[in-house]
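Thank you all for coming. I would like to take a few minutes to walk through the structure on the screen, beginning with the ligand and then turning to the sheets around it.

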Amino acid sequence: MTATIANPAFRPNAPGRLVRLSFERTRFELQTFFRTPEQVFFTFLLPVLFVLIFSTIFSGAIDGPPGAEPVQFAQYFVPGMIATGVVSATFASLAMTVAMEQHEGLLRRLSGTPLPRSAYFAGKVGLALVTSFLDVVLILYNEVPSGLKAVASIFPLKWMVQGFRYVFLPEWVAQDDYGGGWQVEQVFLVLFAWFVASFLLARFFFRWNREQA
Amino acid sequence: MTAAITATGITKRYGPVEALRGVDLEVAQGEVLALLGPNGAGKTTFVEILEGFRQPTSGSASVLGIDPATGDAAWRARLGIVLQSAGFFEALTPREITAHFASFYPTPLDVDSVVEMVGLKEKRDARCKNLSGGQKRRVDLALGIVGNPELIFLDEPTTGLDPQGRRQIWEVVRNFTALGKTVLLTTHYLDEAEQLADRVGVIIKGRLAEVGTPREIGGRQRAMARVSFSVSPQLQGKTLPEGLAVSTSGGVATLMTAEPGRAVVALTHWAEAQGEDELPGLSVTWPSLEDIYLQMVGASEAEGAME
Ligand SMILES: Nc1ncnc2c1ncn2[C@@H]1O[C@H](COP(=O)(O)OP(=O)(O)O)[C@@H](O)[C@H]1O
Ligand SMILES: [Mg+2]
């Protein structure tokens, strides 16, 4: 029979252990993150896609005081996009994953082990830092791709914006931005085509669960 | 010898539901104790109180010398916990998760040996989301033992497994207890309790109905053997030997006795005297743990109906 003696050398809150486990948790979180396509998509692709689309739709510039360089709209949007990306990578995914892990009983599983709570949260913070850094790099890298107007005009966002502008803005803006009229018929046609196409795509590719995909 | 687990007068209420109604239990170090009981008997509630996951309404507990409600990380490092159900790290592989959990403990077991021991060698690098229910249960077990705990809690470790999977898990538990470790497991399989446990506690409706070795459980009922034989034409209508009374149905005579050896000798002589040189269809059976367990559950059910 073995005597029950607690390992006297084990100090769960030793700084070295906390640091080691914080890094281990960060590594584990990153591994989990990069193997979860939905998370990667919403954290990285969405903000980058928005920058791309916005910067091609909203061409033009904001004129500064005399002598100063005008600021491109595209450039003007980038900080906002970065902030959006960082918020989604930190607040949104952090809050969401903690809630999900609680719901799925993963927190319970971890709480039955000697993992310190501080290391758990350090791992979350580590994940958020890494992903938001990558987000910023990606957005900056994708900044102002000139000549992408044609690509953007495929997406419905450009046409939606154009349609709403037609409703809310005076005629002369159309002269400035669209070289003439509002092209309302074209707006309607493109949006209708998107509606039909996406309905059909959804019908054919939708699966009740992911495994059948 | 100090006890690994001591529970005294544990009760637990969930609103109007009395899940535990005063449970006293002591588990010695190195002992394997199986809590046997039907669904809803309170097994999980009791075990999770000992694990520090739930608070008892009243009563006190000590696990490895510490009150579970106040147990810290150093205490957790000495425990292994396999919950009845818990979420999965779907995107990772058994090996990755086991290695990750190993990093939490001061003196973990070798990760690859643990993965192999639970029978996941082939699946060690498969994503957990692609594992079967039984394979996931083995991952649970791997996570429970990888920290090399002194005491392990197993809440229905083999429910839903195929027979081979169950045997494999029993094997792991046996290897584990061979090292002098303590195990508290719950199950509703009688063979599992008999196979693994030094002692069995039958828990019914929040009460520990009985605790003892698998042989002792059932006490008095267990002490009565059933002796039966076929009533051949020669034996029909004959008076039985002194002190033996049988009930007959369908041509089979049955008697309950604490001394089946004597009864068989007396009956054999008696049959000879009636012209049968052999008692036809003679059998002596002791009630199995299952018979007794079903009797206990049945009795409490009947009692519940009258409440
Ligand atoms: N969290 C809870 N809230 C309310 N009732 C519960 C809760 N957990 C268990 N119960 C009830 O307590 C009783 C015992 O449940 P449990 O301990 O899970 O039994 P067992 O593990 O033996 O199947 C059941 O009646 C169950 O419905
Ligand atoms: Mg249960």
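**Ligand 1 and the sheets of chain B**

Two elements of chain B, strand β2 (17-28) and helix α1, each supply at least two residues of the shell around ligand 1. Please keep in mind as I go on that this is a predicted model. Of the elements that contribute, α1(B) gives the most to that shell, with three residues.

Let me go around the ligand in a little more detail. The residues around ligand 1 include B:Tyr14, B:Val17 and B:Ala19, then the run B:Pro38, B:Asn39, B:Gly40, B:Ala41, B:Gly42, B:Lys43, B:Thr44 and B:Thr45, and also B:Arg54. Sorted by class, that shell has five nonpolar, five polar and two charged residues.

Which atoms of the protein lie at polar-contact distance from ligand 1? On the backbone side, a polar atom of B:Ala41 is 3.2 Å from an oxygen atom of the ligand, and a backbone N or O atom of B:Lys43 lies 2.8 Å from a ligand oxygen. From a side chain, an N or O atom of B:Arg54 is 3.2 Å from a nitrogen atom of ligand 1. Taken on its own, ligand 1 has 560 Å² of accessible area, and the protein covers 62% of that.

I turn now to the sheets, starting with the one that contains β2(B). Three strands of chain B form an open sheet in the order β2-β1-β4, with antiparallel pairing. Its edge strands are β2 and β4 (58-63) of chain B, each of which pairs on one side only. On average, and ignoring direction, neighbouring strands in this sheet are turned by 15 degrees against each other. Between β1(B), residues 3-14, and β2(B), the antiparallel pairing runs over nine bridges, and within it B:Ala7 has B:Leu25 of β2(B) as its bridge partner. Helix α1(B), which we met at the ligand, lies across β1, β2 and β4 of chain B and runs at about 125 degrees to β1(B).

The other sheet is open as well, with six strands of chain B in the order β5-β6-β7-β3-β8-β9 and mixed pairing. Why is one side of β5 (79-82) and of β9 (207-212) of chain B left without a neighbour in the sheet? Both strands stand at the edges, each with a single partner strand, so one side of each has no neighbour there. From one strand to the next, the twist averages 15 degrees.

At one edge, β5(B) pairs with β6(B), residues 151-155, in the parallel sense over four bridges, and B:Ile81 stands opposite B:Phe153 of β6(B). At the other edge, β8(B) and β9(B) pair in the antiparallel sense over five bridges, with B:Leu208 in β9(B) as the bridge partner of B:Ile203. These two strands form a hairpin with two residues between them, and in the turn B:Lys205 has a positive phi of about 50 degrees.

Finally, the helices on this sheet. Helix α1(B), residues 43-50, lies across β3 (32-36), β6, β7 (182-187) and β8 (199-204) of chain B, running at about 155 degrees to β7(B). Helix α6(B), residues 163-177, lies across β3, β6 and β7 of chain B, and it too runs at about 155 degrees to β7(B). To come back to where I began, α1(B) therefore deserves a second look on the screen, since α1(B) lies across strands β1, β2 and β4, lies across β3, β6, β7 and β8, and supplies three residues to the shell around ligand 1.

Technical notes
Residues numbered from 1 in each chain as written. Chains lettered and ligands numbered in written order. Predicted model: local features only at pLDDT ≥ 70, side-chain atom pairs only at ≥ 80, totals over all residues. Heavy atoms only, no water. Pairing = 2+ DSSP bridges. Axes fitted to C-alpha atoms, helices over the stretch in contact; angles between N-to-C directions. Contact = heavy atoms within 4.5 Å. Near = heavy atom within 4 Å. Polar contact = N/O pair within 3.5 Å; in protein donor to acceptor, adjacent residues only side chain to side chain. Areas by Shrake-Rupley, 256 points an atom, 1.4 Å probe, with all protein chains shown as cover. Nonpolar A, V, L, I, M, F, W, Y, C, P; charged D, E, K, R; others polar.
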